[in-house]
Amino acid sequence: MAFQPIVDVRTGRPFAYEALVRGANGESAADVLAQVTADNRYAFDQQCRVAAIEGAVAAGIADTDARLSINFLPNAVYSPVACIQLTLKTARAVGLRTDRLIFEFTENEEMVDTDHVRTIIDAYRKMGFTTAIDDFGAGHAGLGLLAKFQTDLIKLDMDLIRDLASSLPRRIIVDGVVRMANALGITVIAEGVETAAEYHALRDIGIHYMQGYLFARPGFRSLPAITMPFAERTDRVAAA
């Protein structure tokens, strides 16, 4: 696993670290996920949870107050209670409190049975976990999905964030999503933040949690240090 911080930009401290799957020699997530099939999906999902928890604790997350965000495959969960047992056992073994765990629906994973996904969310909440929809606004993670069930967090897809400061349509869309999420009691996280201009535009909209190369690249088997942007404002577009 590699770990990338989700930053609370009001404090400059990590709200959470997302565990990102890598090969044993650092191969990309795409290379690893390309090997996942219907036959090995369940075993892969279980092994990723164990690797994320063990790897985060080995990297030092227990010495922080940050949470650990784990991507999971909802189609691999045949029973929320049964499939969480190894996760709970692993967390107990390494001394990580389970209320520090966040579970994200992984990138563009199609929700074959949304009723089943709602059951997973409800079960995880009862167990004290936080839930998130990843890549909101891309693939299968959109408004239709959010209308059927609500998670604690939504993570805006990086395509909505890119060039946000200079794109009026993007700013209007992101602002609308934030207003909608606030009304639903959902916290918004911006993914893929790469420039100071994007950072300032997101802050102006009211987003306080961000993730991206601007703050830190993923650290392979490590928790990378956070760099906060202090660039001069060059993205003022209110009059545009």
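Four bridges connect strand β2 (residues 13-20) with β3, and the two strands run parallel. Two strands count as paired if DSSP finds at least two bridges between them. Helices (H or I, at least four residues) and strands (E, at least two) are DSSP runs, numbered from the N terminus. This is a predicted model, in which local features need pLDDT of at least 70 and side-chain atom pairs count only at pLDDT 80 or more, while totals for chains, interfaces and linings use all residues. Residues are numbered from 1 along each chain as its sequence is written, and side-chain values use heavy atoms, with hydrogens and water left out.

## Strands

Between β2 and β3, Glu18 stands opposite Ser69, and Ala16 has Arg67 as its bridge partner. On its other pairing, β3 is joined by 5 bridges to strand β4 (residues 101-105), again in a parallel arrangement. There, Leu68 is the bridge partner of Leu101 in β4. Strand β3 (residues 67-72) is largely enclosed by the rest of the structure, because 5 of its 6 residues are buried. Buried means under 20% relative accessible area, exposed means over 50%, and partly exposed lies in between (1.4 Å probe, protein chains only).

Strand β2 is mostly covered as well, with 7 of its 8 residues buried. Strand β1 (residues 2-8) runs antiparallel to β2, and 7 bridges join the two. Phe3 stands opposite Ala19 of β2. The hairpin of β1 and β2 has 4 residues between the strands, and Gly12 in this hairpin takes a positive phi near 75°.

## Ala52 and the second largest pocket

Ala52 lies in helix α2 and is buried, with a relative accessible area of 1%. Leaving aside residues up to four places away in sequence, Ala52 touches Met1, Phe3, Ala19, Leu68 and Ile70, where contact means heavy atoms within 4.5 Å. Ala52 and Arg97 are 45 residues apart in sequence, and their C-alpha atoms are 14 Å apart in space.

What is the volume of the second largest pocket? The value is about 230 Å³. On a 1 Å grid over the protein atoms alone, a pocket is an open set of points where a 1.4 Å probe fits, with protein on both sides within 12 Å along at least five of seven lines; lining residues have an atom within 4 Å of a point. Grid points are joined across faces, edges and corners, and a volume is the space filled by probe spheres set on the points.

The lining of this pocket has 13 residues, and those nearest its centre are Met1, Val21, Arg22, Gln47 and Ala51. Helix α2 (residues 41-59) gives the most to the lining, with 5 residues. By class, 8 lining residues are nonpolar, 3 are polar and 2 are charged. Here Ala, Val, Leu, Ile, Met, Phe, Trp, Tyr, Cys and Pro count as nonpolar, Asp, Glu, Lys and Arg as charged, and the others, Gly among them, as polar.

## Helices α8 and α9

Helix α9 (residues 196-205) is mostly covered, with 7 of its 10 residues buried. These are Ala196, Glu198, Tyr199, His200, Ala201, Leu202 and Ile205. The buried residues of α9 pack against α7 (158-161), α8 (168-184), β7 (187-190) and β8 (209-210). Gly206 follows α9 and has a positive phi, near 110°.

Arg171 has its place in helix α8 and is buried, at a relative accessible area of 17%. Its C-alpha atom is separated by 8.5 Å from that of Leu160, 11 residues away along the chain.

## Positive phi outside glycine

Most residues other than glycine have a negative phi. Two residues with a positive value are listed below.

| Residue | Phi | Location | Relative accessible area |
|---|---|---|---|
| Asp163 | near 60° | loop between α7 and α8 | 47%, partly exposed |
| Arg221 | about 60° | segment after β9 (219-220) | 58%, exposed |

## Confidence

The mean pLDDT of the protein chain is 89, and 91% of its residues reach 70 or more. pLDDT is the predictor's confidence in each residue, from 0 to 100. In the protein chain, confidence is highest in β8, at 98, and lowest in helix α6 (residues 143-148), at a mean of 82. Over residues 232-240 pLDDT stays under 50, and for these residues the model has 8 contacts beyond four places in sequence.
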